[in-house]
Amino acid sequence: MARAQERASARVKETANERVVRPFEHEFSDFMGDAISEGRLFSIADAVGDYQKNDIDVTDTTCEYCAVGCRFDVLTKDGEFLGTRPNPEKAPVNGISTCVKGKFAHGYTNSDDRLTQPLVKDEGEFREASWAEALSRVVEGLDGIIEEDDPDALGLVASSKATNEANYVMQRFAREVLGTNNIDNCNRLCHAATVSGLSSTVGFGAASAGMEGLEETDCYLMTGTNTTENHPVFATKIKQNVKDNDADLFVFDPRKVQIAEYADQYSRIEPGYDNTWLNGLIRYIIEEDLHDEEYIAERTTGFDQVAETVEKFTPEFVEEKAGVPPEELKNAAETIATADSCLFCWTLGLAEHSHATENIYAMANLALITGHVGHPKGGLSPFRGQNNVQGGGGDMGPVPNNFPGYQPVTDPDNREKFADAYGMDADEMPAHEGYRITDMFLAADNGDLKGMFIQGENPVVSEPNIPHAREVLENKLEFLAVQDIFLSDTAEYADVVLPATASLESNGTYTGSSRHVQLVKRALEPTGNVKPDWEITQELAERFGYEWDFSSASEIMDEIADLTPIYAGISHERLEALDNDLQWPVWDDEHPGSPYLYEEQFQTNDGLAHMHPADTVDPSETPDEDYPIVMTSGRVLYQYHTGTMTFRDEGTMSYTDRSFVEIHPDTAEEYGISDGDTLDIASRHGETQAMAQITTRPSTGEIFIPMHYLDGGANNLTKEDPLDGPSRVPEYKVTDVRIAVADGDGSAVAVPDSSTNERTADDD
């Protein structure tokens, strides 16, 4: 017994396949007192009450939900998840705070419908199979298409929910083993335009600001971000700064989201006209000589072209198109330009448009002409959506145009570097950019792409135009393999399904919005016969004849550091020693990391920021008599992405167990809609039904539908074409629809005359 207690008291250093187990007993009372005093306690008494305190295992890890990058302790016993608690010493981003999902929504790990064994499909029906059979089926399916066509007839989708290490080996598998750059991930469907726009402007496709800016800036400009629901911990820090330090807060958004209630000024904008009001701010600042001429002259190029482009964006033009009154434009412009520091924050409301890269150009131009980039308390701050979309979805290179670390695949020196590291001839490394994810579905529809391997993503729900995605997966592919933790909507169409570990069963790292690289540690032993994502990919590579010999996630990170300059000083051991407080770029083993970027120069060839003109005005479609309402889409607090995890949590489902339609009271009255009615919603691209929720959050003539749901979700209505030119992101935020109360047989009743539904600036 004494020896057992001694072992339980030890803090065990993590290796790739071991948990860090710490005793619960001596820390329980401190946790209870601190949590109660902060008013943040969720009760774990019922969960732990049946156990002695020293029987509970404690593992610090990183949250698997949004990309804030919260860390906390996970409490487990005998393979069961019990709860979480704060561990501020190892949580450089969130301290003691977590959102409702981070606190509660991890029970899916023990869900009864977890995949526990590989599945293969015979004659349209799934059956369980051994790993040997399932992996052989995948190799046969992929290799057969290569032999019949070529490697570019395959498309791979990596997972922004998986670790950095898993995504790294997935891109290596695509390029080294299969010989294609046709690899992408859900980053394409969210912040790809942010990456495209910022990379070509300032150098890195990531936030320039860090936590100091988020917590202490003098001014915030926020747009296209429902921060309190999508990034609650960030929202708490912003609200605290506004309250305690009188920071100025400007919110521009089509919906009056909750963060707008804390704003000095909320400006309701017309959906799709972000470039218009941003250029209007730039024009006003230049016209009034409020721009930072010294900063512009010394640190940027392209100002004259931008100044010429914005001339037409007068206050009157901005009000006509975007709905922002001149006095609101003036107030925001003057405050932003004269603030000592300003943080420019956005999410998908700015980045999910068919002209989204221009939106990012305009936002970057505004930040640059006011001299707020390269400041410890200011800069560019896109909030990323999924837990590892910054790291796994971008930094690690599971994209068709970049190797890890944003090293272009079209550069022969980069191809030679990675080919040499992988033991290949340089001419064997694919040289041309591959398909982006939505282009994969279009190519499959055209017969140019024959097979797909999808890891931890659910494109049946996340792709625009759900009927099109279903048609491709069901009828256009010769082979489909899916790797996931559940039999997702997408996995239903697969020929082979490979079961992977959940986050609480995994080791590795995630990289958050602030560029913090943080450890993920195994708190639960893998259920059934599942395996880590990276291990599955390595076993597939072995069956193709490639010997990688990784024995742990930490070894994979060592290879990443060798090949990826911005991660050169990162290792699992160093992250453990520094309590996860490292933000890339970390140039070598002695480099302290980068709390903010561009203090002295930008990450461009000449060290200057390159401003780009952005002159698009109108969205890709506008309302007409047949489709008089504008639908926009987004996320809600109690759900996550396509619901693969949160739909299995009783608590979150008790709040939002189905889709809904936010509709303004005036619009509801006009269409004879009552709260709770089932509505028929149809666009030029599809149709669906959802429940009416009458609220003043949207404007008149506009509706909001969340994206999480297959039935009633927004992507039943969105379109797969056109795509943003540079980033190839679809248009998710502006879709013209018609609405009606569903009659008894589910068919639509008549749509009111659109002449009674004209939208003007006065509607705001």
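**From a buried helix to a parallel sheet and a pocket**

In helix α23, the residues Asp533, Trp534, Ile536, Thr537, Gln538, Glu539, Leu540 and Ala541 are buried, a term that here stands for under 20% relative accessible area. The model in which they sit is a predicted one, and the description that follows starts from this helix before turning to a sheet and then to a pocket.

Helix α23 spans residues 533–543 and is mostly covered, with 8 of its 11 residues buried. The cover over these buried residues is drawn from both helices and strands: it includes the helices α5 (131–148), α6 (164–178) and α24 (553–563), together with the strands β16 (451–455), β17 (479–484) and β18 (496–499). An α-helix has 3.6 residues a turn, so residues three or four places apart point the same way. Just after α23 comes glycine 545, whose phi is positive, at about 100 degrees.

Elsewhere in the chain, 5 strands make up an open sheet with parallel pairing, and their order across the sheet is β10-β9-β8-β12-β13. At its edges stand β10 (265–268) and β13 (379–382), each of which pairs on one side only, and from one strand to the next the twist averages 15 degrees. Strands of a sheet pair through backbone hydrogen bonds, either parallel or antiparallel. For the edge strand β13, the partner is β12 (residues 343–346), which runs parallel to β13 and is joined to it by 4 bridges; within this pairing, phenylalanine 344 has leucine 380 of β13 as its bridge partner.

Helices also pack against this sheet. Helix α11 (residues 274–287) touches β8 and β9, and its direction makes about 155 degrees with that of β8. Helix α10 (residues 232–245) likewise lies across β8 (219–223) and β9 (248–253), running at about 140 degrees to β8.

The last feature to consider is the largest pocket, which has a volume of about 700 Å³. It is lined by 29 residues, and those closest to its centre are Ser199, Gly203, Asn402, Tyr406 and Pro408. Which elements each supply at least two residues of this lining? They are the helices α7 (192–201) and α18 (391–395) and the strand β15 (407–408), and of the contributions to the lining, that of α7 is the most, at 5 residues. Sorted by class, the lining of the largest pocket holds 16 polar, 10 nonpolar and 3 charged residues.

Note on methods. Residues are numbered from 1 along each chain as its sequence is written. This is a predicted model: local features need pLDDT of at least 70, side-chain atom pairs count only at pLDDT 80 or more; totals for chains, interfaces and linings use all residues. Side-chain values use heavy atoms; hydrogens and water are left out. On a 1 Å grid over the protein atoms alone, a cavity is a set of points where a 1.4 Å probe fits but cannot get out, and a pocket is an open set with protein on both sides within 12 Å along at least five of seven lines; lining residues have an atom within 4 Å of a point. Grid points are joined across faces, edges and corners, and a volume is the space filled by probe spheres set on the points. Ala, Val, Leu, Ile, Met, Phe, Trp, Tyr, Cys and Pro count as nonpolar, Asp, Glu, Lys and Arg as charged, and the others, Gly among them, as polar. Two strands pair if DSSP finds at least two bridges between them. Axes are lines fitted to C-alpha atoms, for helices over the stretch in contact, and angles run from 0 to 180 degrees between N-to-C directions. Contact means heavy atoms within 4.5 Å. Buried means under 20% relative accessible area, exposed over 50%, partly exposed in between (1.4 Å probe, protein chains only).
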